[in-house]
Amino acid sequence: MSVVVDGLEGLRVPEELSARVPAEQRGPGRGRDDVRLLVSRGEAVSHHAFRELPALLRAGDVLVVNTSPTLAAAVDGRLGPEPGGEPVVVHFSTRGDDGRWAVELRSPEPSGSTRPRAGGPAGTVVRLPGGGRLALAGPLTPGSGRLWWARAYGDVPGLLGRYGRPIRYGYTERDQPLSAYQTVFARPSPDGGGSAEMPSAGRPFTAGLVAELAARGVWIAPLSLHTGVASAEAHEPPYPERFEVPAATAALVNAARATGGRVIAVGTTVVRALESAAVAVAGPVGAGASARAGRGWTDLVVTPARGVRVVDGLLTGLHEPEASHLLMLEAVAGRAALRSAYAAAVRDRYLWHEFGDVHLLLPEEKGHRTRCGSNSG
């Protein structure tokens with residue numbers, strides 16, 4: 001899927017704007033919430049510290065958060081007969097209903113990060129630590145060889161707990177402990193599942209900030225979506241992912257909408273889950289929608305043509321100009337808002353990626369914004 005957002009085609013994010021370590025490691029006395037917050041209301045932008053978020057929201061607003069825990073999803077392996085063999089790094093992405101796992105094989109770099117490599121062929125066996133094995137079955141998506149379904153022989157959650165480490169990309173400076181990739185909202189999954197990559201929009205939140213939001217009358221509503229392995233190089237659209245929207249969260253979202261509160265998704269994963277479960281009211285486009293409980297798999301890709309039905313705003317990180325997530329941001333806020341915000345982010349040297357600064361897209365205070373359908377300029 002190509003991403004075309006007018007005004008962003010030539011945008012270049014300087015390499016030095018990559019956040020290489022977590023915020024709390026960028027100076028003495030710093031915490032997770034020591035990041036910057038870029039706020040968009042239409043084409044107007046303003047600059048804030050993340051700790052100012054409670055003052056930017058209103059009593060009756062609902063923040064919907066992803067409680068999926070981050071897995072230590074990267075494990076070293078070997079291809080070929082023992083001893084020796086080609087070293088690979090296995091990224092465990094998603095567990096299927098039949099017990100298989102979608103995995104990505106990558107080549108290790110001396111720096112500790114990885115680079116892409118071809119997957120397959122079917123029947124390839126990967127030797128894992130502790131005597132475990134993977135047997136590749138076939139591509140997750142026909143025509144794409146990056147992610148493969150594999151049959152795992154052994155206890156994968158136990159393997160990850162003992163030998164795994166968080167997935168790391170080349171723009172980071174060094175390996176980090178798994179705790180650096182867990183958000184304050186993360187809750188263990190009963191089946192040992194979780195996200196291959198951190199639901200990073202929730203990372204800057206602290207227990208103290210959540211308490212302040214509650215004191216101001218802002219509601220926090222949970223859901224889960226287990227994120228798979230992203231395509232750091234090819235910027236592919238997201239693959240099918242498992243989600244669950246609890247009945248209580250759907251009820252709270254609908255109550256807020258009925259009383260004038262705003263529904264603000266904390267992360268693109270939350271938008272995908274809420275919109276996957278939403279029920280559109282019959283009638284013309286934009287006639288309305290309601291949130292509902294739901295669980296299962298979603299292959300929804302939110303685009304400007306589809307629009308959003310139950311989400312009013314979005315708190316998210318800063319995405320590469322080619323990233324497919326930008327289509328979702330355009331659906332939420334409009335093309336003009338996106339152009340203005342990203343120009344400001346580069347000009348004012350905001351930091352990118354999962355340890356970087358964050359972007360809050362809010363509806364304009366004046367006028368009416370269509371909820372469903374294209375709102376691009």
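Helices and strands are DSSP runs, at least four residues long for a helix (H or I) and at least two for a strand (E), and their numbers start from the N terminus. With that in hand, welcome to a predicted model, shown here in several views.

**Figure 1. The whole chain, with its seven helices and 18 strands.** Start here to get your bearings before the close-ups. The C-alpha atoms fill a box of roughly 70 × 50 × 40 Å along the principal axes. A compact globule of 377 residues would have a radius of gyration near 21 Å, and the chain agrees because its own value is 21 Å. Of the 377 residues, 54% are buried. Take the contacts between residues at least 6 apart in sequence: 73% of them join residues at least 24 apart. The chain exposes about 15500 Å², and carbon and sulfur atoms supply 54% of that area. As for charge, the mean positions of the 41 positive and 38 negative charges lie 2 Å apart.

**Figure 2. An aromatic meeting point at Phe50 and Phe205.** The structure holds six aromatic pairs. One of them joins Phe50 and Phe205 edge-to-face, with 5.1 Å from centre to centre and 85° between the planes. This pair links distant parts of the chain, as its members are 155 residues apart. Look for Phe50 in the loop between β2 (44-49) and α1 (53-56), and for Phe205 in the loop between α2 (156-163) and α3 (207-215). Phe50 has a relative accessible area of 0%, so Phe50 is buried. Phe205 counts as buried too, at 1% relative accessibility. Together with Phe185, Phe50 and Phe205 form one aromatic cluster.

**Figure 3. Helix α6, largely enclosed by the rest of the structure.** How many of the nine residues of α6 (residues 325-333) are buried? Seven are, so the helix is largely enclosed. The buried residues are Leu326, Leu327, Met328, Leu329, Glu330, Ala331 and Val332. Their cover includes α5 (268-277), β17, α7 (335-347) and β18 (358-362). Just after α6 comes Gly334, with a positive phi near 100°.

**Figure 4. Val308 beside Val332 of α6.** Val308 sits in the loop between β16 (294-298) and β17 (313-317). Is Val308 buried or exposed? Its relative accessible area is 0%, so Val308 is buried. Along the chain, Val308 and Val332 are 24 residues apart, while their C-alpha atoms are separated by 6.3 Å.

**Figure 5. Two residues with positive phi in the loop between α7 and β18.** Most residues other than glycine have a negative phi. Which value does phi take at Arg349? It is near 60°, a positive value in a residue that is not glycine. Arg349 belongs to the loop between α7 and β18, and its relative accessible area of 45% makes Arg349 partly exposed. His353 is found in the loop between α7 and β18 as well. The phi of His353 is also positive, about 80°, although this residue is not a glycine. His353 counts as buried because its relative accessibility is 17%, and buried means under 20%.

**Figure 6. Ala255 in helix α4 (residues 247-258).** At 39% relative accessibility, Ala255 counts as partly exposed. Now find Ser290, which is 35 residues from Ala255 in sequence. In space, the two are 9.9 Å apart, C-alpha to C-alpha.

Note on methods:
Residues numbered from 1 in each chain as written. Predicted model: local features only at pLDDT ≥ 70, side-chain atom pairs only at ≥ 80, totals over all residues. Heavy atoms only, no water. Rg over C-alpha atoms; globule rule 2.2 N^0.38 Å. Buried < 20%, exposed > 50% of the residue type's maximum accessible area, 1.4 Å probe, protein only. Contact = heavy atoms within 4.5 Å. Areas by Shrake-Rupley, 256 points an atom, 1.4 Å probe, with all protein chains shown as cover. Lys, Arg positive; Asp, Glu negative; His and termini not counted. Charge placed at Lys NZ, Arg CZ, Asp CG, Glu CD. Phe/Tyr/Trp six-rings, centres within 6.5 Å; stacked < 30°, edge-to-face > 60°.
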